[in-house]
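Morning, everyone. I'll take a few minutes to walk through one model, mostly looking at how its side chains pack. Here it is on the screen.

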Amino acid sequence: MKLKKSHIIPLILLSWLLIAKPVFAEDNVSQDDHPMGYYIKQEQEQQASDESTSTDAAEVPSIRARSFAAAIPAANAPDILYSDNTSLPRKDAVDISSHQSWMVQADFNAIKAAGVKTVIIKLTEGTGYINPYASSQIQMAKSAGLNIAVYHYATLQGANSQDAGNSLAVQEANYFANTAKKLGLSTNIVMIMDCEQPYKDSSGKIIGPNPANVDWATAAAKFASQLKSQGYSNTIFYTSSSWLGTNTATCQMNYNTLGGAKKVWAAQYLYGTPSSNNLKNTQYGAWQYTSQMRFKGGTSNLLNNNLDTSIDYNNIFSASQTLRDVYRLYNVYTGEHFYTLNYAEKTNLQNVGWRYEGIGWLSSTSGSPVYRVYNPNAIGGDHYYTLSKWEAQQLVNKGWRWDNNGAPAFYSNGSKNLYVAYNPNAASGSHNYTTSSYEQNNLLRNGWTYGAVAWKVN
């Protein structure tokens with residue numbers, strides 16, 4: 001079998017990967033929790049070292065011992081960037097993991113104010129690691145009004161054949177999807193496969209990229225297909241620009257196998273300062289151009305810590321914002337189900353005893369308006385939802401109150417039926433809304449009435 005060019009790694013690089021510590025990678029990286037770009041930083045730093053240092057065998061020990069900054073001239077090293085530099089590419093997205101556990105709500109608010117649109121949060125790695133900070137990071141990002149995407153650090157650990165790689169990709173996809181579901185993430189969220197992990201033998205020794213008979217792009221396509229079977233159909237792929245190409249024989253990630261170049265998020269850190277007047281990797285969906293952005297005008301945390309930052313050329317991270325999660329909660333004391341788009345409202349109700357039951361449905365940001373009114377005279381209060389503004393107004397005339405000051409609570413626009421059923425014996429929570437025909441039919445069998453389609457959702 002023909003050996004891929006990307007597999008022909010100089011001895012110096014293999015030794016460097018094993019011994020040298022990357023200067024700009026996060027400290028204390030464990031074997032099961034790698035931050036995004038961990039090996040890409042090392043690869044690109046080594047490329048810079050190779051370009052500026054002799055590869056004579058006599059120099060190998062000293063090269064291995066040098067740091068990145070010492071190995072190449074400072075003028076050719078990627079700069080620490082500051083967010084107030086208006087010549088930089090756009091700061092559309094940042095990605096975080098447990099290594100950014102230092103971030104608090106003020107930090108998320110500050111990056112939003114600085115122009116960041118999306119926070120990409122690590123959920124999982126392999127089939128045994130879950131980011132313990134993911135839930136709180138998601139909550140803080142949402143509270144700041146930021147779009148959310150999530151990523152999985154793929155390992156394909158130990159695969160030495162394509163079948164083995166594909167099988168591991170399917171297992172990792174299931175682990176990723178199941179974790180997303182447990183965290184209450186909607187199926188329209190952008191799911192990202194981080195592809196950068198070098199191959200390790202049975203003893204854990206790094207020996208370079210996967211063997212020539214394991215193609216990452218083929219395994220990645222299986223990963224995306226498995227996510228789709230789990231309901232998550234919006235998958236993109238993160239990798240080094242050096243892994244990308246169109247010839248499977250010479251590159252690890254043939255982007256045609258992945259659905260085209262716009263499905264790819266490429267990482268490449270330029271020497272010096274990148275410029276908005278000289279954008280790179282524009283053929284791809286997005287470009288991660290630095291691992292060293294420091295945000296000014298916000299918090300001391302952001303000023304003293306680096307964040308990976310990317311420009312989103314094709315809106316690949318925030319496309320999911322055309323649909324929004326509708327949170328479903330249940331009041332065990334009154335029997336009412338409540339539905340809201342507001343994450344803070346959902347959290348506040350949980351804090352006072354309501355039970356969170358997950359995502360009720362996905363609401364479009366346009367379509368026919370749905371109104372919500374509140375009955376303060378019912379036991380514990382009660383809410384009603386209707387497409388008819390006239391009907392809502394009639395209830396308000398009888399003592400009900402407008403929610404949202406009469407503005408739409410949701411919109412009807414989609415292909416799924418949202419069913420409504422009415423409980424004539426309930427003093428509160430007399431209406432139930434669900435996309436589940438099983439739940440609807442079960443209520444009707446138990447005495448509920450008015451089994452109708454309330455409106456259309458996604």
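Let's start with two tyrosines, Y339 and Y385: both of them are buried. Keep in mind as we go that this is a predicted model. Y339 sits in strand 16, residues 337-340, while Y385 is in strand 19, residues 382-386, so this aromatic pair links parts of the chain 46 residues apart. As for the geometry, the pair is edge-to-face, with 5.5 Å centre to centre and 75° between the planes. And these two have company: Y339, W361, Y385, F410, Y433 and W455 form one aromatic cluster.

Okay, zooming out for a second. We have 458 residues, and buried ones make up 53% of them. The protein has 12 helices and 24 strands. If you take the contacts between residues at least 6 apart in sequence, 69% join residues at least 24 apart. On the outside, about 19500 Å² is exposed, with carbon and sulfur atoms supplying 48% of that.

Now, the cores. Which residues have the most contacts inside the largest nonpolar core? Those are F108, I111, V119, M253 and L307, in a core of 60 residues. Helix 8 gives the largest share of this core, seven residues. Then there's a second, separate core of 25 residues, and that's where our opening pair turns up again: Y339 and Y385 are in there, along with Y371 and Y433, among others.

Back in the largest core, have a look at V119. Skipping its neighbours within four places in sequence, V119 is in contact with V94, I96, F108, I111, A141, L146, N147, I148 and A149.

Back to the rings, then. There are 19 aromatic pairs in the structure. Take W216 and W243: their ring centres are 5.7 Å apart and the planes are at 55°, so this pair counts as tilted. W216 is in helix 8, residues 216-229, and W243 is in the loop between strand 9 (235-240) and strand 10 (244-245), so the pair ties together parts that are 27 residues apart in sequence. Both tryptophans, W216 and W243, are buried.

What I like here is the next residue, E196. You'll find E196 in the loop between strand 6 (190-194) and strand 7 (199-200). Is E196 buried or exposed? It's buried, with a relative accessible area of 4%. Its side chain reaches the backbone nitrogen of Y39 at 2.9 Å, and a polar atom of that E196 side chain also lies 3.4 Å from the backbone nitrogen of I40. Leaving out neighbours within four places in sequence, the contacts of E196 include P35, M36, G37, Y38 and Y153, and also both W216 and W243 from the tilted pair.

Staying with helix 8, there's T257, over in the loop between strand 11 (253-254) and strand 12 (264-267). T257 touches A217, T218 and A221, not counting residues up to four places away in sequence. The C-alpha atoms of T257 and A217 are 6.2 Å apart, with those positions 40 residues apart along the chain. T257 is partly exposed, at 34% relative accessible area.

Last thing, a couple of lysines over rings. The charged end of K296 sits over the ring of Y82, 4.9 Å from its centre. K346 lies over the face of Y356, at 4.3 Å from the ring centre. That's my tour, thanks.

Conventions. Residues numbered from 1 in each chain as written. Predicted model: local features only at pLDDT ≥ 70, side-chain atom pairs only at ≥ 80, totals over all residues. Heavy atoms only, no water. Phe/Tyr/Trp six-rings, centres within 6.5 Å; stacked < 30°, edge-to-face > 60°. Helix = DSSP H or I, 4+ residues; strand = E, 2+ residues; numbered from the N terminus. Buried < 20%, exposed > 50% of the residue type's maximum accessible area, 1.4 Å probe, protein only. Lys NZ or Arg CZ within 6 Å of the ring centre and 35° of its normal. Core = buried A, V, L, I, M, F, W, Y, C linked by side-chain atoms within 4.5 Å. Contact = heavy atoms within 4.5 Å. Polar contact = N/O pair within 3.5 Å; in protein donor to acceptor, adjacent residues only side chain to side chain. Areas by Shrake-Rupley, 256 points an atom, 1.4 Å probe, with all protein chains shown as cover.
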